[in-house]
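Reader: I would like a close look at one part of this model, the strands of the shorter stretch of sheet and what surrounds them. Please take it step by step and keep it plain.

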Amino acid sequence: MAYSDKVLDHYENPRNVGSLDKNDPSVGTGMVGAPACGDVMRLHIKVGQDGVIEQARFKTYGCGSAIAASSLVTEWLRGKTLDQALTIKNTDIAEELALPPVKIHCSVLAEDAIKAAINDYRAKQDRGAAALEPAATHVGVRHRPNS
Amino acid sequence: MNRPIYLDYSATTPVDPRVVKKMVPYLYERFGNPASRSHGYGWEAEEAVELAREQVARLVHADPKEIVWTSGATESNNLAITGAARFHQGNGKHLITMTTEHKAVLDTMRNLEREGFEVTYLDPLPTGLLNLEAFSAAIRPDTVLASIMQVNNEIGVIQDINAIGEICRARGVLFHVDAAQSTGKVAIDLEALPVDLMSFSAHKTYGPKGIGALYVRRRPRVRIEALMHGGGHERGMRSGTLATHQIVGMGEAFRLAHQDMASDNERIRALRDKLLAGLAAIDEAYVNGDLQARVPHNLNISFNFVEGESLMMAMKGIAVSSGSACTSASLEPSYVLRALGRPDELAHSSIRFTVGRFTTEAEIDAAIALVARNVRKLRELSPLWEMHLEGIDLSTVQWAAH
């Protein structure tokens, strides 16, 4: 199967690979997918005092398109407020990477990872900085079927 | 740019140059129709077709009269299973096969189910081999045919077709064997084997694509209904003008397989074992399927925590197949590996390497280095690998399937 140049670029030179301290109250973690389905995406975001995403890191188990989609969103997230980040749609990701129909689920997974990371960050904030229990760190988050 | 190293000989093989040389004259100089009985053009084509029939028969110890030309193993499987099932449906409408068969068998069975046949699909043992007791127990008074492949295309395990055939004989069940992956790799003696129908392909054995054969036993005579109707070629079992050049190619390819099998396999096995030793040294690598009852050229291996399609994408320098069918819309990993009871994540992480006649030791060395480097690279990207290193048992994690 032929991959677009953008998928190949992100796949060969993935941006922002790695992790952030999941116990840091300013870090949100989103992990979506399942090994049995052939893809697991983990996204970490670090949010500043001003509510702007300062850093994003990913690790992904999955096909080239899943890796490219996660690499791309780490670039897009940086500098965005949480509300701006929530406006990123899977269709934007699919369009940017020119994903074929059978790979649309990779972009859905990336959108879900963003939502899961923001939810995790907000839940932490609600619980207060004192309770440093990481929520949902090792729990896959249900993600809806291909849209 | 260099062409990728070809390690996908179970998908197809190049036509051996010696085979090409034999085929070419039958395209132009000797173009006659082997069915033409009234002139020399036809006679020389017929002579070539009959020589090829002898060459194919010799490799498998059959009578040339038992060989029917087809367009390939898919057609042979269709003709054998559908042809026998329809001919014998007066005796019963139950068929038996395995879940790890090639789609050409499974889809033929599905089609017969639509015609009112009942099919039992048996799961293999975790080694990939058929459980003979389960097979025996599946036979019913109305079972007319069983179809079991000799060599599995994905994992290369070799079924004990002699033992399976003995069970079939004792219970009066016809036995078809898909041997598309066997020729030139495993010795086949149809004089001794209790097999009634056997499918062959040319292009898995250094012959051309588009040609195959079906063995139809004469003693005791096995009856099948034709699927192709027309001029009554191949004793009415398969009508259609014979593709002389393709047939000549299959004959020569099978002659070479007969001649070189022992030395080819010894060399190929040494290369496969070298590849196995190199790849088994990678952490968390698991061989799929039995290693003993296995053809010498196949290595199917899973690299845990790395997804197969991305690994293939990383290894542009080698041409292999993945057991992960992520390229299809289904997102389902290999049905063969799942039938073995492999966890889905290992099935998603599998790569099939198949070595062949033209593989060199330098290519194996390069492949090992390339795989090791890219598995390492992708594991650095893999959250599962990180969790594994942290000592988290992934089977205890609550994943949500999507």
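**Chain A and its strands**

Author: From the N terminus on, the elements of chain A follow the order α-β-β-β-α-α-α-α. That comes to five helices and three strands. The model is a predicted one. Of the 147 residues of chain A, 48% count as buried. Among contacts in chain A with a separation of 6 or more, 66% are between residues 24 or more positions apart.

Start with strand β2(A), residues 39-47. This strand is mostly covered, with eight of its nine residues buried; here, buried means that 20 or more other C-beta atoms lie within 10 Å of the residue's own. Strand β2(A) has a partner in β1(A), residues 27-34, and the two run antiparallel, joined by eight bridges. One pair can be located by eye: Gly28(A) of β1(A) has Ile45(A) of β2(A) as its bridge partner. The two strands form a hairpin with four residues between them. In that turn sits Gly38(A), with a positive phi of about 90°.

Strand β2(A) also pairs with β3(A), residues 53-61; again the strands run antiparallel and eight bridges join them. Two pairs serve as markers here. Leu43(A) has Phe58(A) as its bridge partner in β3(A), and Lys46(A) has Gln55(A). Five residues lie between the strands of this hairpin, and Gly51(A) takes a positive phi near 80°. As background, strands of a sheet pair through backbone hydrogen bonds, either parallel or antiparallel.

Further along the chain is helix α5(A), residues 104-127. Its 24 residues should span 34 Å at 1.5 Å a residue, and the end C-alpha atoms are 35 Å apart, so the two values agree. After α5(A) comes Gly128(A), whose phi is positive, near 90°.

The strands and this helix can also be placed by their nonpolar residues. In general, nonpolar side chains in soluble globular proteins tend to be buried together. The largest nonpolar core has 80 residues, and those with the most contacts inside it are Val56(B), Leu145(B) and Tyr215(B). Helix α7(B), residues 244-280, gives the most to this core, with seven residues. A second, separate core of 70 residues includes Ala56(A), Val108(A), Leu109(A) and Val355(B). Ala56(A) falls within the residue range of β3(A), while Val108(A) and Leu109(A) fall within that of α5(A).

To compare, chain B has an open sheet of four strands in the order β9-β10-β13-β12, with antiparallel pairing. Its edge strands are β9(B), residues 285-287, and β12(B), residues 321-322, each of which pairs on one side only. Between β10(B), residues 298-303, and β13(B), residues 350-354, there are five bridges, and these strands run antiparallel. Asn300(B) stands opposite Arg352(B) in β13(B). Helix α7(B) packs on this sheet, where it touches β9, β10 and β13 of chain B, and its direction makes about 10° with that of β10(B).

Definitions and conventions:
Residues are numbered from 1 along each chain as its sequence is written. Chains are lettered from A and ligands numbered from 1 in the order in which they are written. A residue is buried if 20 or more other C-beta atoms lie within 10 Å of its own, exposed if 12 or fewer, and partly exposed in between; C-beta atoms are placed from the backbone. Two strands pair if DSSP finds at least two bridges between them. The expected span of a helix is 1.5 Å times one less than its number of residues. Two residues are in contact if their C-beta atoms, placed from the backbone, lie within 7 Å. A nonpolar core is a set of buried Ala, Val, Leu, Ile, Met, Phe, Trp, Tyr and Cys residues joined through C-beta atoms within 7 Å. Axes are lines fitted to C-alpha atoms, for helices over the stretch in contact, and angles run from 0 to 180 degrees between N-to-C directions.
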